[in-house]
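Biologist: Could you take me closely through one part of this predicted model, the second largest pocket, and tell me which residues lie nearest its centre and how its lining is made up?

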Amino acid sequence: MDRPTYQSMMRGNGQLDYEIYLNTEQLLACQKEPDALCNPDELQFMIVHQIEELWMKLMANTLLDIDDEMRARNTFKALTLFRRVHICQEMMSQQLSLLETMSPKDYQEIRLLLGNGSGQESPGFRVLLKMPKELWATYVDVYLDGGKRSVEHVYDSGYTHDDAYMIAEALAEFDELFQKFRHTHMQLIYRSIGVAANSLKGRPVEILREGMKQKMFPELWQVRAEMTDRWGGTYGHKRDKLSPSETDDSDHA
Ligand code: HEM
């Protein structure tokens, strides 16, 4: 195939309405020109990062809208917007797997060009780390009557699967999908540069495990643990077997 002809076609000419509206000329110029790539995988590496940055931009803007909708107590609208955020999060994790089609050697060649850049410098990621605190404050104001209602009441003693519960579950889903991204990203790191490697900032990649323990909405995880203790308290710390005659495997351990 005639590579230069096709590569020129891929750029388009920026004149058609579709190209003008979507600003394809600028968009398609955001990646290195083919002859400037260190290897063919570098194009994929750039595009995956750029797309993920765009998903994070969409998520952050949607979270601003969610905050407004929660303040107006438009619960259905807020839940629809949460679904949008969750889908973006799922795509972000799925799309990392594209980079697992890159060989370790191809990545080492690309890595030589990255300076001491780190994903922790991602503007999208930084803003997403900052927003949950304010979202929680809004949730408490609006759905927990400024703190007069407890999370325990929403989940257990006053549980009715109401608006406060649905929004709380949407927040928990956000938290969980954030962790899934971090987990999938960690596997990608192992696959690309190995388990005991250092980042380009000279830090062991294992420090990312700290973030993997972080909960955006700790109250929503704590309430489950408290319920397990409370409900578990009715049958004791360790339960008796349902069938006393059944042999417990652990007796043979
Ligand atoms: C081969 C592919 C990749 C490798 C080897 C890799 C490697 C790394 C390493 C070593 C770090 C820790 C940096 C430090 O010490 O500051 C890091 C952080 C990070 N990377 Fe990647 N990365 C890859 C792809 C991606 C992609 C596609 C994204 C998309 C957004 C991404 C987003 C991030 C983020 C957000 C962090 C900060 C994570 C946190 O603080 O929990 N990375 N990456």
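Modeller: A word on terms comes before the pocket itself: the domain bounds used here come from an automatic or database domain assignment. With those bounds, the lining of the second largest pocket draws at least three residues from domain 1 (10-39) and at least three from domain 2 (43-229). The structure is a predicted model, and in it the second largest pocket holds about 730 Å³ of space. Its lining consists of 22 residues, and those nearest the centre of the pocket are L28, Q31, K32, L43 and I47. Two elements, α1 (3-11) and α4, give two or more residues each to this lining, and α4 supplies the largest share, with 6 residues. Sorted by class, the lining has 13 nonpolar residues, together with 4 polar and 5 charged ones.

One of the residues nearest the centre, K32, deserves a closer look. Side chains of opposite charge can pair when their charged atoms come close. K32 forms a salt bridge with E42, in which the closest N and O atoms are 2.7 Å apart. This pair links distant parts of the chain, since K32 sits in the loop between α3 (24-27) and α4, whereas E42 belongs to helix α4, and the two are 10 residues apart. The partners also differ in how they are classed by accessibility: K32 counts as partly exposed because its relative accessibility is 30%, while E42, with a relative accessible area of 5%, is buried because that value is under the 20% cut-off.

For context, the salt bridge between K32 and E42 can be set beside others, as a search of the whole structure finds 12 salt bridges. Among them is the pair R149 and D162, whose side chains meet at 3.0 Å, N to O; R149 lies in the loop between α7 and α8 (151-157) and D162 in the loop between α8 and α9, so this pair ties together parts that are 13 residues apart in sequence. Both R149 and D162 are buried. Another pair, E176 and K180, has its closest N and O atoms 3.6 Å apart, and both of these residues lie in helix α9, 4 residues apart, about one turn of the helix. E176 counts as partly exposed at 36% relative accessibility, and K180 is partly exposed as well, with a relative accessible area of 43%.

Methods
Residues are numbered from 1 along each chain as its sequence is written. This is a predicted model: local features need pLDDT of at least 70, side-chain atom pairs count only at pLDDT 80 or more; totals for chains, interfaces and linings use all residues. Side-chain values use heavy atoms; hydrogens and water are left out. On a 1 Å grid over the protein atoms alone, a cavity is a set of points where a 1.4 Å probe fits but cannot get out, and a pocket is an open set with protein on both sides within 12 Å along at least five of seven lines; lining residues have an atom within 4 Å of a point. Grid points are joined across faces, edges and corners, and a volume is the space filled by probe spheres set on the points. Ala, Val, Leu, Ile, Met, Phe, Trp, Tyr, Cys and Pro count as nonpolar, Asp, Glu, Lys and Arg as charged, and the others, Gly among them, as polar. A salt bridge is a side-chain nitrogen of Lys or Arg within 4 Å of a carboxyl oxygen of Asp or Glu. Buried means under 20% relative accessible area, exposed over 50%, partly exposed in between (1.4 Å probe, protein chains only).
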